[in-house]
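Me: I should like a close look at one part of the structure shown here, followed by an account of its surroundings.

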Amino acid sequence: MIMLREGMDEMCAQGEWPLYEVFVRSKRGLNHVHVGSLHAADGEMALRRARDLFTRRNEGVSIWVVKSADITASSPDEKDPFFAPSADKVYRHPTFYDIPDNVPHM
Amino acid sequence: MTADTEAATPELEEHFQRTIDRDQRIEPRDWMPEGYRKTLIRQVAQHAHSEIIGMQPEGNWITRAPSLRRKAILLAKVQDEAGHGLYLYSAAETLGADRADLTRKLIEGRQKYSSIFNYPTLSFADVGVIGWLVDGAAICNQVPLCRSSYGPYARGMVRICKEESFHQRQGYELLMTMMRRGTEAQRRMVQDATDRWWWPSLMMFGPPDHDSPNTAQSMAWKVKRHTNDELRQRFVDMTVPQAEALGVTLPDPELAWNPERGHYDFGEIDWDEFKRVVSGDGPCNAQRVAQRRRAHDDGAWVRGAATAYAAKHSDTSHDHRGSQGL
């Protein structure tokens, strides 16, 4: 989901604000979800701007911001061998096991 | 490009197109053809610029809104437009575009925005008509883009469409108020604004299909889901009954229901005017870009001050952490 950007340091050196990714918890009981990104001079400013940008209509009760450059991401391509180990272990799933129909509550 | 990646391209391209054909989304770090990336950056940047420039025609009326209620609504609406611009710049950045560079291209006149914002807002009724017709046309254009093949753009469009609905309804309600409870002069203002904005609104859907050479590729990539003429027809069909309910006349003598087609027929659009305005010769082009440039230049000290503060602050907190470590 995150575009890792070369030249980020160079950009900051020129006085451009770094990019922050924004995560919002829409209500209690739910996870924070990535909603987009914005530029800010520092984390505190990123939080304020995230509030103004992403929660103008009660969309959130909590916000996280993190510098995009600080995110380490996997390749999103599903063919990537990174995820291959999860594809060949069918025995991790409950449907792998045959249980007679007359056994209750299983 | 190395020989290796070049050799892999046909396979990557096939995988890319298969993903789109299955109606799955392309995400930022997926491999994509250069043409797809360029088309999207242009489309998303142009859209972002339109939202940002689009603050000006209506922002013009904030200080002169006729009541506190209308002023609060208009402020919220213009703030939304700024937000929409920021969602979209954020989407463009996931494609590798640089935000400062996009702003530079806008204020140097090297990238376009929707031609509709080059028309002036002459009365407060224009605020209502912009909400009704211009935002109405934008919704027609944008709802299908919630299914754009590019994930970040599609997700941005979902947010934007939710908010546009408020924009259109506040405009229509404003006009209803003027038509039903206003004076004769106020009703004439509404008709006058409708007369001026109707044709430019139809132009918002872009050139006719036979004059839109990139449409086929954009449809195959699913960055465009309907042709310009399809969307324009949909807008006309939706708007005619709204005009009747409002009690205004749409300024087109050829506008008539066609039972055979099941659609409204409408007159020929002045494409010469469209080309003139797009290429920079509309009533307000120079003023809009100059105003954007002024806002950018006037804000330079704020950006500089915040950068300096952040630098100083991060030094301090670093020292603090260091001393704690000791």
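How many residues line the second largest pocket, and which of them lie nearest its centre?

Reply: The model is a predicted one. In it, the second largest pocket is lined by 34 residues. Those that lie nearest its centre are Arg49(A), Leu86(B), Arg292(B), His296(B) and Arg303(B). Two or more lining residues come from each of strand S2 (32-39) and helix H2 (43-54) of chain A, and likewise from helix H3 (55-59), H4, helix H5 (99-107), helix H12 (285-298) and helix H13 (300-325) of chain B. H4(B) gives the most to this lining, with 6 residues. The space in the second largest pocket amounts to about 1,100 Å³. By class, its lining is made up of 13 nonpolar, 12 polar and 9 charged residues.

The largest pocket may be set beside this one. It holds about 1,300 Å³ of space. Its lining comprises 46 residues, and closest to the centre are Gln43(B), Gln46(B), Met204(B), Phe205(B) and Gly206(B). Several helices of chain B supply at least two lining residues each, among them helix H4 (68-93), helix H6 (124-142) and helix H7 (151-181). The largest share of the lining of the largest pocket, 7 residues, is that of H2(B). The class counts are 17 nonpolar, 17 polar and 12 charged residues.

H4, H6 and H7 of chain B also recur in an enclosed space: each supplies at least two residues of the lining of the second largest cavity. The structure holds 2 cavities of 30 Å³ or more, and the second largest has a volume of about 30 Å³. Arg70(B), Ile73(B), Leu74(B), Phe124(B), Val127(B), Gln170(B) and Leu174(B) line the second largest cavity. H4(B) gives the most to this lining, with 3 residues. By class, 5 residues of the lining are nonpolar, 1 is polar and 1 is charged.

The nonpolar interior comes next. The largest nonpolar core has 89 residues, and the most contacts inside it belong to Leu38(A), Tyr36(B), Trp132(B) and Trp197(B). H6(B) provides the largest share of this core, with 11 residues. Apart from neighbours within four places in sequence, Trp132(B) is in contact with residues including Gln168(B), Tyr172(B), Leu175(B), Thr194(B), Ala243(B), Leu246(B) and Leu250(B).

Tyr36(B) also belongs to an aromatic cluster, together with Phe16(B), Trp31(B) and Trp221(B). Over all chains, 13 aromatic pairs are found in the whole structure. In one of them, the rings of Phe96(A) and Tyr97(A) have centres 5.0 Å apart and planes at 85°, so the pair is edge-to-face. Phe96(A) is partly exposed, at a relative accessible area of 44%, and Tyr97(A) is partly exposed at 45%. Within the cluster, Phe16(B) and Trp31(B) form an edge-to-face pair, with 6.2 Å from centre to centre and 85° between the planes. Phe16(B) lies in helix H1 (residues 3-21) of chain B, whereas Trp31(B) lies in the loop between H1 and H2 of chain B, so the pair ties together parts that are 15 residues apart in sequence. Phe16(B) counts as buried because its relative accessibility of 2% is under 20%. Trp31(B), at 29% relative accessibility, counts as partly exposed.

Note on methods:
Residues numbered from 1 in each chain as written. Chains lettered and ligands numbered in written order. Predicted model: local features only at pLDDT ≥ 70, side-chain atom pairs only at ≥ 80, totals over all residues. Heavy atoms only, no water. 1 Å grid on protein atoms, 1.4 Å probe; cavity = no way out; pocket = protein on both sides within 12 Å on 5 of 7 lines; lining within 4 Å. Points joined across faces, edges and corners; volume = space filled by probe spheres on them. Helix = DSSP H or I, 4+ residues; strand = E, 2+ residues; numbered from the N terminus. Nonpolar A, V, L, I, M, F, W, Y, C, P; charged D, E, K, R; others polar. Core = buried A, V, L, I, M, F, W, Y, C linked by side-chain atoms within 4.5 Å. Buried < 20%, exposed > 50% of the residue type's maximum accessible area, 1.4 Å probe, protein only. Contact = heavy atoms within 4.5 Å. Phe/Tyr/Trp six-rings, centres within 6.5 Å; stacked < 30°, edge-to-face > 60°.
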